[in-house]
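Q: I am new to this structure and would like a close look at a single part of it. Could you walk me through one helix and its surroundings?

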Amino acid sequence: MCDNRDMESFHHEPRKRHARLRHQPQSAPLWVGDPDDWALVRHEPRPPLVCPEPGCDVELISYENLSNKYNPRIFKLKSVDRSCDHWSDRGQGGGPETAQHEWMKLRLTRIARKLGYTATPEHAQTHADVFVLEASLCLEVQLVPTQFGKRTAARRAKGTTVCWLIREGLDTVRAENPIHGSDQQSCPPGAPAVIVTHHVPEVRLPVDHAGRRVAPAVPA
Ligand SMILES: [Zn+2]
């Protein structure tokens, strides 16, 4: 049976997975998927947080509900009177993301930052899993089949380049046709840790099922 009240609050309460420290307007958005960021926002006394969108100062609070299996950490509006739709929790319709997917996004973000790039996980404007600013590059982690061609075109229409990081063994017909059937495109030479093969830029990832960590990316 459907609980309408819960459905209503889910749809109408803007929640975010990013926030910014109020007193550091230039800082990168903090992300619920980064344990270091979460430790920072949960530090006592709690630092004041606002929406990460430049110029928007809608106040946010960090909220943790460990009984929520899929979204235990979230940023909520501090006041019911002030709201915005920036950086809203996208919930892409494909169900909750897996821990593997989230871990990969964090790993890629840290690798790119270590290489000196400005990297943003779950980037609001491009919907990239990780957006690398200097290379205008969308890194997309894909562990299940998707519409690679269509989603690649959507990223390119926004003026960005895309590289897919694809689970090794994702070799169904549904997955393979779009990968190999698109036009030739390569990643920019400055892009971090990216090997281009076939037609849609992709990197194959051996992903372990037994609870061990995701292995490093290897060239396809
Ligand atoms: Zn905002």
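A: Happily; what follows is a tour of one helix, with a few stops in the parts around it. Please keep in mind that this is a predicted model.

Let us begin with helix H3, which covers residues 99-114. The helix has 16 residues, and from its first C-alpha to its last it reaches 22 Å. That is close to the 22 Å expected at 1.5 Å a residue.

Which residues of H3 are buried? They are Met104, Lys105, Leu108, Thr109 and Ala112. If you look down the axis of H3, these buried residues fall within an arc of 135°, so they line one face of the helix. What do they pack against? Their partners are E7, E8, strand E9 (137-142) and strand E10 (161-167). On the face turned away from the buried side, you will find the exposed residues Ala99 and Lys114. Just after H3 comes glycine 116, with a positive phi of about 100°.

Now step back to the loop between E6 and H3, where tryptophan 87 lies. Its phi is near 50°, a positive value in a residue other than glycine. Is tryptophan 87 buried or exposed? Tryptophan 87 counts as buried because it has 25 C-beta neighbours inside 10 Å, and the cut-off for a buried residue is 20 or more.

A positive phi also turns up at histidine 127, where the value is near 60°. This residue is found in the loop between strand E7 (119-121) and strand E8 (130-132), and both of those strands take part in the packing against H3. Histidine 127 has 16 other C-beta atoms within 10 Å, so it is partly exposed.

Going back along the chain from the tryptophan 87 loop, we come to E6, which belongs to an open sheet of 6 strands. The order is E1-E6-E5-E4-E2-E3, with antiparallel pairing. Strand E1 (15-16) and strand E3 (30-31) stand at the edges with a single partner strand each, so one side of each is left without a neighbour in the sheet. Within this sheet, strand E5 (residues 59-64) and strand E6 (residues 73-77) run antiparallel and are joined by 5 bridges. Here isoleucine 61 stands opposite lysine 76 in E6.

One last stop is the loop between helix H2 (35-41) and strand E4 (49-50), which holds proline 45. A cis peptide bond joins glutamate 44 to this proline, with omega about -5°.

Key
Residues numbered from 1 in each chain as written. Predicted model: local features only at pLDDT ≥ 70, side-chain atom pairs only at ≥ 80, totals over all residues. Pairing = 2+ DSSP bridges. Helix = DSSP H or I, 4+ residues; strand = E, 2+ residues; numbered from the N terminus. Buried ≥ 20, exposed ≤ 12 C-beta atoms within 10 Å, placed from the backbone. Expected span 1.5 Å × (residues − 1). Arc of directions from axis to C-beta. Contact = placed C-beta atoms within 7 Å.
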